[in-house]
Amino acid sequence: MATSRTLAAAAACAALAVGAVTGCSSSGGFGDSSAKQTSGGKQSLTVLIATSGEAETAAVKAATADWTQKTGNTVTVQIASDINQQLGQAFAGGNPPDLFYVNSDQFANYAKGGSLYPYGDQIPDAADFSEQLRKAFSRDGKLTCLPKDSSTLGLAINTTLWQRAGLTEADYPTTWQQLADVAAKLTKDGVTGLVTTPEYQRLGVFMKQAGGWITNPEQSAMTADSPADRQALEYVQSLLKAGTAKYVSEVDAGWGGEALGKGKAAMTIEGNWLKGAMAKDYPNVPYKVLPLPAGPAGQGTLAFSTCWGIAAKSTHQAAGVDLVKHLTSAAQQLEFANDFGVMPSRTTALATYAEKYPESKAWVDGVAHAQSPVTVAGFTKVLTQFNTDLQSLRTGDPATVLGNLQRNGEQALKNAK
């Protein structure tokens with residue numbers, strides 16, 4: 001699963017990917033750009049994925065193997081070490097895979113460069129995918145690729161540390177003030193109340209809860225330099241200055257789940273990929289996932305997804321669409337949920353998932369008030385700089401951080417037109 005745990009690292013190679021996809025030709029690795037589409041059985045497809053671990057790898061291979069038995073085609077699943085970089089190089093070299101994971105933050109770059117085959121109009125039940133997810137993977141109002149899963153962020157707490165601090169279920173925070181209060185009570189004996197990563201993919205929840213965001217809903221204008229966003233960053237800064245919130249690097253952890261599992265954080269902000277990671281790495285650490293506390297404008301979280309991209313010049317597009325239909329079917333999405341913890345992107349399957357996994361209720365409920373990431377072509381550098389500025393938020397000036405984001409974003413939007 002290409003989770004947001006990897007987004008910050010992926011952004012570092014975005015410049016290569018953006019440049020590589022523009023004006024490139026591709027052939028799916030099986031012919032030149034003028035090759036005709038292959039029809040009939042026994043076609044050989046290559047699938048490139050960015051996996052979250054052995055469980056996801058095995059699940060995708062099993063799902064594609066099931067499809068090969070039904071169709072007579074063959075599929076080779078390749079595991080990317082850095083999917084954005086590898087796709088950028090593959091597009092530039094004219095040798096991309098037939099199918100591949102596309103992160104929401106890179107979708108617009110690939111779509112603008114003409115590297116994606118738009119197959120959304122071939123999916124008769126596309127409406128079963130939420131409007132939010134369909135919008136994230138559409139260009140010029142047309143659905144380009146299907147979201148393979150969905151993820152939101154919640155507040156995960158170490159219940160042992162919670163009880164040790166004398167807190168009960170009645171103390172579960174539902175407001176910013178309550179979050180600050182419990183973070184203070186939990187910060188002692190080498191434990192920090194709230195630990196998270198210094199990136200907009202986590203701290204952005206406070207912008208949403210304050211009633212702000214980086215752009216307007218149409219992503220046609222910047223709205224970063226606003227009183228709501230300043231209020232959000234000033235709130236986070238107050239926790240950092242108080243020492244009741246820290247970034248993962250300050251507690252010698254790589255991400256929020258590690259900090260929670262090692263008992264260095266009593267609370268963290270993470271998505272539903274935490275479930276599989278905790279089961280694998282910290283099976284004896286009890287934890288609970290709560291809805292994120294509401295801010296001045298109400299509840300808010302962030303949504304993440306990845307779509308199944310098909311190369312624009314693949315010689316196996318029809319077979320590729322058929323494979324995507326299989327991989328995104330309700331039954332298969334529930335299999336993936338069982339195997340490695342992702343939430344289905346189909347609304348019908350998500351309802352079934354919620355009934356089967358009540359411990360994931362906070363993540364599921366978050367879909368209703370989730371903010372999708374910015375998906376503007378060429379915007380990755382803007383967000384990378386924003387994340388860099390957020391690293392020094394404790395001593396920085398929120399107004400300056402947002403002013404820089406506003407100016408950089410306006411230039412990116414102008415270039416994207």
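**Note on helix packing, cores and sheets**

1. Tyr200, Gln201, Leu203 and Met207 of helix H9 are in contact with Leu383, Phe386, Asn387 and Leu390 of helix H17, where contact means heavy atoms within 4.5 Å. Helices (H or I, at least four residues) and strands (E, at least two) are DSSP runs, numbered from the N terminus. The model is a predicted one, in which local features need pLDDT of at least 70 and side-chain atom pairs count only at pLDDT 80 or more, whereas totals for chains, interfaces and linings use all residues. Residues are numbered from 1 along each chain as its sequence is written, and side-chain values use heavy atoms, with hydrogens and water left out.

2. The axes of H9 (residues 200-209) and H17 (residues 380-390) come within 11 Å and cross at roughly 80°; these axes are lines fitted to C-alpha atoms, for helices over the stretch in contact, with angles running from 0 to 180 degrees between N-to-C directions. H9 and H17 are therefore roughly perpendicular to each other, in a scheme where angles under 35 degrees count as roughly parallel, over 145 as roughly antiparallel, 65 to 115 as roughly perpendicular and the rest as oblique. The residues that make up the contact of H9 with H17 comprise six nonpolar, two polar and no charged; Ala, Val, Leu, Ile, Met, Phe, Trp, Tyr, Cys and Pro count as nonpolar, Asp, Glu, Lys and Arg as charged, and the others, Gly among them, as polar.

3. Nine of the 10 residues of H9 are buried, so this helix is largely enclosed by the rest of the structure; buried means under 20% relative accessible area, exposed over 50%, and partly exposed in between (1.4 Å probe, protein chains only). Among the buried residues of H9 are Arg202 and Gln209, alongside Leu203, Val205 and Phe206. Just after H9, Gly211 adopts a positive phi of about 95°.

4. The largest nonpolar core has 73 residues, and those with the most contacts inside it are Leu155, Phe206, Ile214, Met267 and Phe379; such a core is a set of buried Ala, Val, Leu, Ile, Met, Phe, Trp, Tyr and Cys residues joined through side-chain atoms within 4.5 Å. Helix H10 (residues 227-242) gives the most to this core, with seven residues. A second, separate core of 44 residues includes Phe129, Leu143, Cys307 and Ala311. If neighbours within four places in sequence are set aside, the contacts of Ile214 include Tyr200 and Met207, as well as Leu383 and Phe386.

5. Seven of the seven residues of strand S10 (residues 265-271) are buried, so S10 is largely enclosed by the rest of the structure. Strand S7 (residues 151-158) runs antiparallel to S10 and is joined to it by five bridges, with Leu153 opposite Gly271; two strands pair if DSSP finds at least two bridges between them. Strand S8 (residues 192-196) pairs with S10 in the parallel sense over three bridges, and there Val195 stands opposite Thr268.

6. Strand S12 (residues 301-304) is covered on both faces, with Thr301 and Ala303 buried on one side and Leu302 and Phe304 buried on the other. S12 is antiparallel to S7, with two bridges between them, and Thr152 stands opposite Ala303. S12 also pairs with strand S14 (residues 370-371), in the parallel sense and over two bridges, which places Thr301 opposite Ala370.

7. An open sheet of five strands follows the order S2-S1-S3-S13-S6, with mixed pairing. Strands S2 (74-79) and S6 (146-147) stand at the edges, each with a single partner strand, so one side of each is left without a neighbour in the sheet. Within this sheet order, S1 (residues 44-49) and S3 (residues 99-103) run parallel and are joined by two bridges, while helix H4 (residues 83-92) lies across S1 and S3, running at about 125° to S3.

8. Two lysines deserve a separate look. Lys275, placed in helix H12 (residues 273-281), is buried, with a relative accessible area of 17%, and its contacts beyond four places in sequence are with Tyr287, Tyr353, Tyr357, Glu359, Ser360 and Trp363. Lys325, in helix H13 (residues 317-327), counts as partly exposed at 37% relative accessibility, and on the same sequence criterion Lys325 is in contact with Gln122 and Ile123. Lys325 and Gln122 are 203 residues apart in sequence, yet 9.6 Å apart in space, C-alpha to C-alpha.
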